[in-house]
Amino acid sequence: MIKNPVPWPNGARCAVTFTWDMDSDSILHLAHPNDADTRISTNSMLRYGPMIAVERIINFCEELGVKHTFCVPGWCAERFPEAIRMMVEAGHEVAHHGYLHEGPHEITKDQEAYWTKRGFEAIAEVAGQAPRGYRAPWYKFSKHSLEILIDLGFTYDCSLMGEDVPHLLKCSKGDLVELPGSWQLDDWPHFVHNHDLDYMMPIKSPQDAMAVYMSEFEAMWEHNGFWLNCFHPFCSGQVARAMMVKEMIKQMQAKGDVWIATGEEVAAHLRKVIGDGSHKPYVDELPFYDGKLNEWSEGP
Ligand SMILES: [Zn+2]
């Protein structure tokens with residue numbers, strides 16, 4: 001099924017990276033800049049992430065002996081430094097997720113460079129270490145994102161969906177490791193239901209969502225693949241869903257021959273196996289297109 005699997009450490013069948021995007025209320029301020037301050041219920045729902053759920057996630061990770069990756073908008077790091085401190089002290093990775101969760105492909109190249117740098121500096125300041133990984137808010141990676149990330153010294157991105165296993169993204173400035181994800185391993189389509197965010201999914205039970213997540217895991221285990229999710233503390237950090245996440249990790253550990261690692265560790269491993277010649281990765285050259293399609297403009 002997978003043509004070019006990555007040789008994983010210690011002969012593991014597959015690698016697993018848990019990522020949590022701690023967006024908090026950044027997304028509400030972006031969606032409703034003029035009146036987010038009075039949308040108190042949604043604000044409370046989103047603040048639940050840094051205020052309540054992050055500590056719970058960190059505690060069960062410690063119990064199970066695993067490290068996760070938290071992708072954090074710079075503004076959220078400044079606003080909720082205590083949550084970031086807990087992540088860093090427990091040895092989790094803090095990655096970059098924009099400044100106020102702005103969508104890179106909706107702004108100009110200069111604006112994207114400005115906000116990405118501002119988010120980078122905010123995380124470096126609060127976490128005490130520059131972020132190495134990046135996920136574009138809403139996966140809205142632009143045709144300029146790769147160069148901007150290379151300029152800032154990032155080691156990997158996890159916004160794209162073009163392969164089953166970690167690989168390289170290349171442009172005229174150099175290359176970057178890509179850790180691909182998928183919408184079926186995101187928790188928004190399974191659970192998120194909120195009027196203010198204009199996102200109204202029918203809500204699934206944790207067990208139904210877990211069946212989707214674990215079927216992806218079983219496939220990756222079978223075929224030496226890579227499993228990377230995108231959960232959110234305000235959503236999958238709630239009690240019943242947190243119990244689901246804990247159960248998933250236990251089942252993965254019980255299955256055996258699984259390498260559960262942070263994004264940074266997986267990216268470093270890919271560089272290592274490329275460097276020692278034991279793996280030749282798939283390479284995506286970006287941008288795929290620059291400008292409108294000529295074929296389409298030629299028609300009537
Ligand atoms: Zn996000």
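Strand E2 (residues 19-21) and strand E3 pair in the parallel sense, and 3 bridges connect them. The structure is a predicted model. This report treats the strand pairings first and then the helix packing.

**Strands E2, E3 and E4**

Within the pairing of E2 with E3, threonine 19 has threonine 69 of E3 as its bridge partner. E3 also pairs with strand E4 (residues 93-96); these two strands run parallel and are joined by 4 bridges. In that pairing, cysteine 71 stands opposite alanine 95 of E4.

E3 itself spans residues 69-72, and both of its faces are covered. Thr69 and Cys71 lie on one side, Phe70 and Val72 lie on the other, and all four of these residues are buried. Thr69, the partner of threonine 19, and Cys71, the residue opposite alanine 95, thus appear together on one side of E3.

**The sheet E11-E1-E12**

A further group of 3 strands forms an open sheet in the order E11-E1-E12, with parallel pairing. E11 and E12 are the edge strands, each of them pairing on one side only. From one strand to the next, the twist averages 15°. Strands of a sheet pair through backbone hydrogen bonds, in either the parallel or the antiparallel sense.

On one side, E1 is joined to strand E11 (residues 226-228) by 3 bridges, and the two run parallel. Here alanine 15 stands opposite phenylalanine 226 of E11. E1 also pairs with strand E12 (residues 258-260), again in the parallel sense and over 3 bridges. In this case cysteine 14 stands opposite valine 258 of E12.

The side chains of E1 (residues 14-17) point two ways: Cys14 and Val16 in one direction, Ala15 and Thr17 in the other. All of these residues are buried.

Helix H8 lies across E1, E11 and E12, and runs at about 155° to E11.

**Helix packing around H10**

Helix H10 (residues 239-255) packs with helix H8 (residues 206-222) and with helix H2 (residues 40-64). The geometry of each pair is given below.

| Helix pair | Angle | Axis separation | Handedness of crossing |
|---|---|---|---|
| H8 and H10 | about 25° | 10 Å | right-handed |
| H2 and H10 | about 20° | 11 Å | right-handed |

With an angle of about 25°, H8 and H10 are therefore roughly parallel to each other. The H8 side of the contact consists of Pro206, Met210, Tyr213, Met214, Phe217 and Trp221. These residues meet Ala240, Arg241, Met243, Met244, Met248, Gln251, Met252 and Lys255 of H10. The contact of H8 with H10 comprises 11 nonpolar, 1 polar and 2 charged residues.

H2 and H10 pack at an angle of about 20°, which makes H2 roughly parallel to H10. On the H2 side, Arg56, Ile57, Phe60 and Leu64 take part in the contact. Their counterparts in H10 are Ala242, Lys246, Ile249 and Lys250. The residues of the contact of H2 with H10 divide into 5 nonpolar and 3 charged, with no polar residue.

Taken together, H10 meets H8 through residues including Met244 and Met248, and meets H2 through residues including Lys246 and Ile249. H8, in turn, also lies across the strands E1, E11 and E12.

Terms used: Residues are numbered from 1 along each chain as its sequence is written. This is a predicted model: local features need pLDDT of at least 70, side-chain atom pairs count only at pLDDT 80 or more; totals for chains, interfaces and linings use all residues. A residue is buried if 20 or more other C-beta atoms lie within 10 Å of its own, exposed if 12 or fewer, and partly exposed in between; C-beta atoms are placed from the backbone. Two strands pair if DSSP finds at least two bridges between them. Axes are lines fitted to C-alpha atoms, for helices over the stretch in contact, and angles run from 0 to 180 degrees between N-to-C directions. Angles under 35 degrees count as roughly parallel, over 145 as roughly antiparallel, 65 to 115 as roughly perpendicular and the rest as oblique. A crossing is left-handed if the near helix is turned anticlockwise from the far one by less than a right angle, and right-handed if clockwise. Two residues are in contact if their C-beta atoms, placed from the backbone, lie within 7 Å. Ala, Val, Leu, Ile, Met, Phe, Trp, Tyr, Cys and Pro count as nonpolar, Asp, Glu, Lys and Arg as charged, and the others, Gly among them, as polar.
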